[in-house]
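Hi,

Here is the structure I said I would pass on. Have a look at it first, and my notes follow underneath.

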Amino acid sequence: RLWSLYVLRAVLYGANVCVPPPTCIASLERAQRCAGRMLLGFRRRAPGPAVLAELGWISLSKALVCERAGLLGILL
């Protein structure tokens with residue numbers, strides 16, 4: 001819940017202000033998968049999509065796309 005409540009919301013809020021570079025998004029996605037593996041007690045080799053699906057999370061890049069689409073819908 002910590003990731004969803006604090007980190008994801010802060011990243012999405014910051015993404016509305018400025019567009020983060022792809023390297024930053026990739027490092028945040030890596031941290032998201034690592035945090036998920038630690039929460040679930042999975043090994044380092046566990047596939048990232050399995051970790052995200054098990055926790056009910058979506059990848060950060062998809063969350064950013066959804067956030068931008070929602071903002072565009074509000075503006076239109």
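Gln32 touches Trp3, Leu52, Trp57, Ile58, Ser59 and Leu60, if you leave aside its neighbours within four places in sequence. Keep in mind that this is a predicted model. Gln32 sits in helix α2, and its relative accessibility is 2%, so it counts as buried, the cut-off being under 20%.

On to the rest of that helix. α2 runs over residues 22–40. Its 19 residues should span 27 Å at 1.5 Å a residue, and the end C-alpha atoms are indeed 27 Å apart, so the two agree. Besides Gln32, the buried residues of α2 are Ile25, Glu29, Gly36 and Arg37. They cover an arc of only 135° around the axis, which means they are on the same side of α2. If you want the reasoning behind that sort of pattern: an α-helix has 3.6 residues a turn, so residues three or four places apart point the same way. Turned away from the buried side of α2 is a face with the exposed residues Thr23, Arg30 and Met38. Just after the helix comes Gly41, with a positive phi of about 75°.

Now, which helix does α2 pass in a left-handed crossing? That would be α3, residues 48–55. The two axes come within 9 Å and cross at roughly 65°. On the α2 side, the contact is made by Gln32, Arg33, Gly36, Arg37, Leu39 and Leu40; α3 brings Gly48, Val51, Leu52, Glu54 and Leu55. By class, that makes five nonpolar, three polar and three charged residues. Gln32, where I started, is part of this contact, and Leu52 of α3 is among the residues Gln32 touches.

α3 can be read in the same manner. Its buried residues are Gly48, Val51 and Leu52. Seen down the helix axis, they fall within an arc of 95°, so they line one face of α3. What covers these buried residues includes α2. The face of α3 turned away from its buried side carries Pro49, Ala53 and Glu54, which are exposed. Glu54 also appears in the contact with α2. After α3 comes Gly56, and its phi is positive too, near 80°.

If you open the model, I would begin at Gln32 in α2 and then follow the contact across to α3.

Cheers

Methods: Residues are numbered from 1 along each chain as its sequence is written. This is a predicted model: local features need pLDDT of at least 70, side-chain atom pairs count only at pLDDT 80 or more; totals for chains, interfaces and linings use all residues. Side-chain values use heavy atoms; hydrogens and water are left out. Axes are lines fitted to C-alpha atoms, for helices over the stretch in contact, and angles run from 0 to 180 degrees between N-to-C directions. Helices (H or I, at least four residues) and strands (E, at least two) are DSSP runs, numbered from the N terminus. A crossing is left-handed if the near helix is turned anticlockwise from the far one by less than a right angle, and right-handed if clockwise. Contact means heavy atoms within 4.5 Å. Ala, Val, Leu, Ile, Met, Phe, Trp, Tyr, Cys and Pro count as nonpolar, Asp, Glu, Lys and Arg as charged, and the others, Gly among them, as polar. Buried means under 20% relative accessible area, exposed over 50%, partly exposed in between (1.4 Å probe, protein chains only). The arc is that of the directions from the helix axis to the C-beta atoms. The expected span of a helix is 1.5 Å times one less than its number of residues.
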